[in-house]
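Dear colleague,

I am handing over the structure below, and I would be grateful if you could look through it before reading my notes. They follow directly after it.

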Amino acid sequence: MNKLTLWGIIFAVLMLGLTWLSIGGSKGGLNDDIVNMLAVAGAIALVVISVFVVIKYVRQMQNDTATGKLADKNWDGIGEYKNELPAGWAFIFLGTMVWGMWYFLVGYPVNAYSQIGEYNQDTAAHNAKFEAKYANMDGTALVDMGEAVFLAECKVCHGLTADGIDGKAANLNQRLEAVVVKNVLVNGSNNKLLGFEFPMPTGTDLGLSASDIDEISAYIGNGLNGNEPAMFGVCAGCHGAQGEGLDGVGPQLNGFNNTLVTNILTYGKKGAIGTMPKFADRLNAKQIEAASAYVTSLSK
Amino acid sequence: MFHWLEKHPFFFAVGVFVTIAFAGLIEIVPNFAEASRPSIGTKPYTTLELAGRHVYIKNSCNACHSQLIRPFKAETDRYGDYSLSGEYAYDRPFLWGSKRTGPDLMRVGNYRTTDWHENHMRDPRSVVPGSIMPAYAWLFENSADVDTAYAEQVTVRDFFSVPYNQEIPMKDGSKETVVLADTLAGAQASALEEAKLVAADMKDKSVQDAVSAGQIPEIVALIAYMNSLK
Amino acid sequence: MENRPLEYDYTVAKMFMLTTVLLGIVGMLVGVILAWQLAFPSVNTILGSGVAEYTNFSRLRPLHTDAVIFGFTLSGIWATWYYVGQRVLKVSMAESKVLMFLGKLHFWLYLVGVVAVVVSLLLGITTSKEYAEFEWPIDIAIVIVWVIWGLSLFGLIGMRREKSLYISIWYYIATFLGIAMLYLFNNMEIPTYFASGGIGAWWHSVSMYSGTNDALVQWWYGHNAVAFGFTVPIVAMIYYFLPKESGQAVFSYKLSLLSFWGLMFVYLWAGGHHLLFSTVPDWMQTMSSVFSVILILPSWGSAINMLLTMKGEWQQVASSPLIKFMVLASTFYMFSTLEGPIQAIKSVNAIAHFTDWIVGHVHDGTLGWVAFMIMAALFHMAPRVFKREIYSKSLMNTQFWIQTLGVVLYFTSMWIAGITQGMMWRAHDEFGNLAYSFIDTVTVLHPYYTIRAVGGTLYLIGMFLFAWNMYKTMTAGRRVEENELQNASPMAA
Ligand code: HEM
Ligand code: HEM
Ligand SMILES: [Ca+2]
Ligand SMILES: [Ca+2]
Ligand SMILES: [Cu+2]
């Protein structure tokens, strides 16, 4: 075999191998996604056609000789043959023009195709595919799904291990840190943690002294372990004796639960650490439920 | 004919020009005729937001970030609703970008917040390990150019009738007004007010001090701009 | 005069040769820095974090693109114009004092423009539009430089002895007209300082177009800037230098003719392929895809014409590095003009757009085609303008292989990076959620970014060899006589 043909084939195989590698890099490979397949088909066509065509012309350089009638003129010694157009080239050129007309006038008649229409169809198909699956998803499957959501959406703030990256966002491996509690007691809170407007009174309103606030913050920040501060009873009225929360009155303080996290994801949360954006528009109900299940599972 | 043209450079040039010019006409004119109308809920930029947009441009953030959400499920999942033409009505220049080395930012205001930007812009790898985005520490030192932003607001109001100080319909049926001050001093003052709101959510002491002292660091303007992207 | 060879005057050509080499090195050095920055972000603070404002990726990126386009490529275009123009029109610049003056003015004003561009981009003064970053004062300078080129171009044509225009001249004329039209319309902007009665920065301007319209004009410009900057003038070069160096007659006049007019007609319609799935109307997107595919043929026409010109001349390809550069350039031209149309198909673009596959496409075009051709042209010109033999053929060969390896590493790594990234962005997991957060799609690219950086570094090393070879040719090459300069360029082993 000719050396160049060999190089051509090596090159083609290399490129196809790389394309193959790229597909392998993505979860599920081609994923039954028509766009993936067409893109890969395009990449393959590109390699194969290029190699084939270049080999053809190299062959001509090696084996053919220049022929034809020379024009009379020359420019700085450069002559010109009066050769006809290469038939293949002319033919394909004409062909693409005809195809183009057809594509534009018949194949994709102006205005008969809409990218938004296509999007709506794709989205509907996608949703239909997963709605059936969601209906009876619970338990560990739900937590797994929640982990997937967390890794795609939340880890940029809360970190891979949900530790809050050194205080840059909440550490979700525990419910509340002392600074957060203290901030709430100093400034109050109205983040719709119960799903509706209902503020958390400030420490002053509740008759707490500065040292009460410190004590209580430390206690809750420690996961409600240790000696219960004297004034904690004030809190228990709304948050329950163990900080387990009271429906519609005060959110849980000793751990996460589905309602609490769902509300945080729905409305966002602004606190001592920073601002947590709301996710209501980005995640569907099932995804929020799953994320809640995952967050709840973290501190258990 | 072609041999003749090749001997007559003037007509040759005219021929080339006609050939290349008319495609442009057909491509561009129809859309212009349909002049892009703002979508409901699309507001012109405030002085501070526009100053932030200039910071974005000055640092070529568009080299790595797009602002164009294509109508694919994967994109609307990741970035939010696909883009509409009318949402760009006040974008001069457009900032769609052509390379996503980083994620799209068309609606980043919906899912990132002031304090996160603060951490991230100072040191992207401190919040996103493995990020290849440069750290933009100098934005905390340099002052934003509010004057030029104001000059641009005045220009677009006068030349392109951008509706400052007019009621703009919002998606929920309400109306909002973007105020444009009559004087440069007025614009500087209102930009500072806006800057104070942003700085209140930031942690950096020097930024807060600067804002209290009447200065607006570039980072504050940039965050105001990013928060406005929705 | 009729019987002895004309004494062509290459003063201006030499000046532009110098900036071609210099700005080529600067532009590609910056490109290499960018490549390393994407692989290792700490390179952003390579000169210390104090000056990171000026050395970070995003500040440098426009400097790279503008240095290689408006510095390297444009200088190359002009260096060859001031060489080729005289020869195929059979008229010397020395015959007209006015033209000589215009030529020199052209160069010096251009140089002032270059300095202004470098300074302003480093300071972050930019309008953000790709390949049209310059603010209005520089736009005006560019228009002036362009008009001066036009005067000297048409002036020379007006004085010609050769009545019929050679193919290369067609392409130079088209370059002039195309860029003039595109640049003017895409840079319509209002200086805010004057419009607001003296407020803010004097150099700042605001675009006349907004949003989707702005995008449309920008990519009508951007796409055709590729046409009239990276294609048309480079084709002008290959039509002269390949037949000249090889001594072969151009394969077919008809093919030249059809390719030229076909290219002129088809190119302009395809700009919408930069805006697929954006908010421009669907019919416009479809139209651009269609024309992009049709565009393969007029593009390939020129490449095929050149490859067929070398029919039966394999021994020349094998023995001359100069011819190797040009033959490889035309094959890379074919490759990128097939790759582009494939990426312009809507379904493929859905993946390719916004990814490194596009960057790969850009660089197999620019490194493999544009830069190879420009360097070949300069190699051919050097013995003729300096009246000296090319200093070292073996150095040329080394350069050729190093750079070829560099390009291959560049585009193969970006090919795989782009497709990987594009597919990861689209992937959903078994729950119907996005399978990857954005950062996952960034970190997987690290190895490919590293390979690209290595490839780019190799290419840059080749540039240094090129510069050295040119310098030694100019200063130390053996002197040659006119009769050694007919076709194949003399080169020392
Ligand atoms: C038949 C010819 C060609 C066609 C149809 C074509 C098509 C395309 C397409 C579809 C894109 C990607 C747009 C996107 O999705 O962002 C692109 C980008 C690009 N191409 Fe080509 N291409 C062609 C030839 C070339 C050549 C020969 C060069 C240079 C030597 C070139 C340089 C570029 C550049 C610089 C970009 C990047 C533009 C940007 O900044 O986004 N193209 N081309
Ligand atoms: C040593 C050689 C070179 C290296 C290492 C290099 C590297 C790079 C890098 C890293 C980028 C940014 C890509 C990104 O944003 O992800 C880039 C962009 C670009 N380069 Fe180069 N480059 C080189 C030579 C050239 C040459 C010779 C040209 C043109 C003649 C060129 C034209 C461009 C263009 C047009 C872009 C913008 C592409 C786009 O926006 O899609 N480069 N280059
Ligand atoms: Ca680009
Ligand atoms: Ca401009
Ligand atoms: Cu294009």
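A polar contact, as the term is used here, is a pair of N or O atoms within 3.5 Å, and within protein one must be able to donate a hydrogen and the other to accept it, while residues adjacent in sequence count only if both atoms are side-chain atoms. By that measure an oxygen atom of ligand 2 is 2.9 Å from an N or O atom in the side chain of E130(C), and an oxygen atom of the ligand also lies 3.0 Å from such an atom of K99(B).

Please keep in mind that this is a predicted model, in which local features need pLDDT of at least 70 and side-chain atom pairs count only at pLDDT 80 or more, while totals for chains, interfaces and linings use all residues. Residues are numbered from 1 along each chain as its sequence is written, chains are lettered from A and ligands numbered from 1 in the order in which they are written, and side-chain values use heavy atoms, with hydrogens and water left out.

On confidence, the model scores ipTM 0.95 and pTM 0.95, and chain C averages a pLDDT (the predictor's confidence in each residue, from 0 to 100) of 95, with 99% of its residues at 70 or above.

Ligand 2 lies between chains B and C. Of the 25 residues around it, where near means that a heavy atom of the residue lies within 4 Å, those that come nearest are K99(B), R61(C), H64(C), E130(C) and H363(C).

The calcium ion (ligand 4) has protein donors, meaning N, O and S atoms within 2.8 Å of the metal, or 3.2 Å for Na, K and Ca, and since water is not among the atoms, sites may look incomplete. These donors come from F134(C), D139(C), N187(C) and E189(C), at 2.3 to 3.0 Å from the ion, and D139(C) is listed twice. The pair F134(C) and E189(C) links distant parts of the chain, 55 residues apart, with F134(C) in the loop between α4 (97-122) and α5 (136-158) of chain C and E189(C) in strand β1 (residues 189-191). Helices (H or I, at least four residues) and strands (E, at least two) are DSSP runs, numbered from the N terminus. Both residues are buried, which means under 20% relative accessible area, whereas exposed means over 50% and partly exposed in between (1.4 Å probe, protein chains only): F134(C) has 1% and E189(C) has 15%.

With best regards
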